[in-house]
Amino acid sequence: MTGDRELAALQRRLTEFAAARRWEPFHTPKNLAAALSVEASELLEIFQWLTPEQSERVMEDPETAHRVEDEVADVLAYLLQLCAALGVDPLSALDAKIGRNEKRFPVPGA
């Protein structure tokens with residue numbers, strides 16, 4: 001699957017980036033989970049005081065769109081690094097979780 005290869009390539013690139021800067025000692029699962037939480041909060045901050053309607057139009061402003069994209073990238077980067085540190089395949093984990101949710105929350109009337 002092409003997406004799997006692209007995701008693995010991005011994970012390797014993140015690992016190499018951290019290794020080149022000797023950041024591995026700091027990239028413990030605990031620290032990566034904390035950093036992920038911080039970055040998710042920074043993404044939330046963009047939307048904090050917006051109405052639902054304003055939040056739906058957030059990508060219309062180029063400056064705000066750029067901030068959203070940067071924070072999404074930060075969240076994804078830390079999530080991928082956390083997965084690498086723990087040996088979790090993020091796409092397999094997501095697939096399994098969707099399957100469990102489909103059983104937990106069946107379509108009404110189906």
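Begin by selecting Leu-14, Phe-17, Ala-18, Trp-23, His-27, Asp-74, Ala-77, Tyr-78 and Gln-81, the residues that line the largest pocket. The model on screen is a predicted one. The space within this pocket amounts to about 160 Å³. Which helices each supply at least two residues of the lining? They are H1 and H4. The largest share, four residues, comes from H4.

**Trp-23 and the surface patch**

Keep Trp-23 selected and display the chain on either side. Trp-23 is found in the loop that runs between helix H1 (2–20) and helix H2 (29–47). Is Trp-23 buried or exposed? Its relative accessibility is 35%, so Trp-23 is classed as partly exposed. Now add Phe-17 and Phe-26 to the selection: together with Trp-23 they make a nonpolar surface patch of about 330 Å². Phe-17 and Trp-23 belong to the patch and also appear in the pocket lining.

**Arg-22**

Next, select Arg-22, which also has its place in the loop between H1 and H2. The phi angle of Arg-22 is near 60°, a positive value in a residue other than glycine. Arg-22 counts as exposed because its relative accessibility is 69%, above the 50% cut-off for that class.

**Along helix H4**

Turn now to helix H4 and select residues 62–86. At 1.5 Å a residue, the 25 residues of H4 should span 36 Å, and the end C-alpha atoms are indeed 36 Å apart, so the two values agree. Colour the buried residues of H4: Thr-64, Ala-65, Val-68, Glu-71, Val-75, Ala-77, Leu-80, Gln-81, Leu-82 and Cys-83. Ala-77 and Gln-81, included among these buried residues, also line the largest pocket.

Pause at Cys-83, located in helix H4. Cys-83 is buried because its relative accessible area is 8%, below the 20% cut-off. Select Gln-11 as well and draw a line between the two C-alpha atoms. How far apart are Cys-83 and Gln-11 in space? The C-alpha to C-alpha distance is 8.9 Å, although Cys-83 and Gln-11 are 72 residues apart in sequence.

**The residue after H4**

Finish at Gly-87, which follows H4. The phi angle of Gly-87 is positive, near 75°.

Conventions. Residues are numbered from 1 along each chain as its sequence is written. This is a predicted model: local features need pLDDT of at least 70, side-chain atom pairs count only at pLDDT 80 or more; totals for chains, interfaces and linings use all residues. Side-chain values use heavy atoms; hydrogens and water are left out. Patches are made of residues with over 30% relative accessible area and no salt bridge: like charges are joined within 9 Å, nonpolar side chains (Val, Leu, Ile, Met, Phe, Trp, Tyr) within 5 Å. Accessible areas come from the Shrake-Rupley method with a 1.4 Å probe; for residues, only the protein chains shown count as cover. A salt bridge is a side-chain nitrogen of Lys or Arg within 4 Å of a carboxyl oxygen of Asp or Glu. Buried means under 20% relative accessible area, exposed over 50%, partly exposed in between (1.4 Å probe, protein chains only). The expected span of a helix is 1.5 Å times one less than its number of residues. On a 1 Å grid over the protein atoms alone, a cavity is a set of points where a 1.4 Å probe fits but cannot get out, and a pocket is an open set with protein on both sides within 12 Å along at least five of seven lines; lining residues have an atom within 4 Å of a point. Grid points are joined across faces, edges and corners, and a volume is the space filled by probe spheres set on the points.
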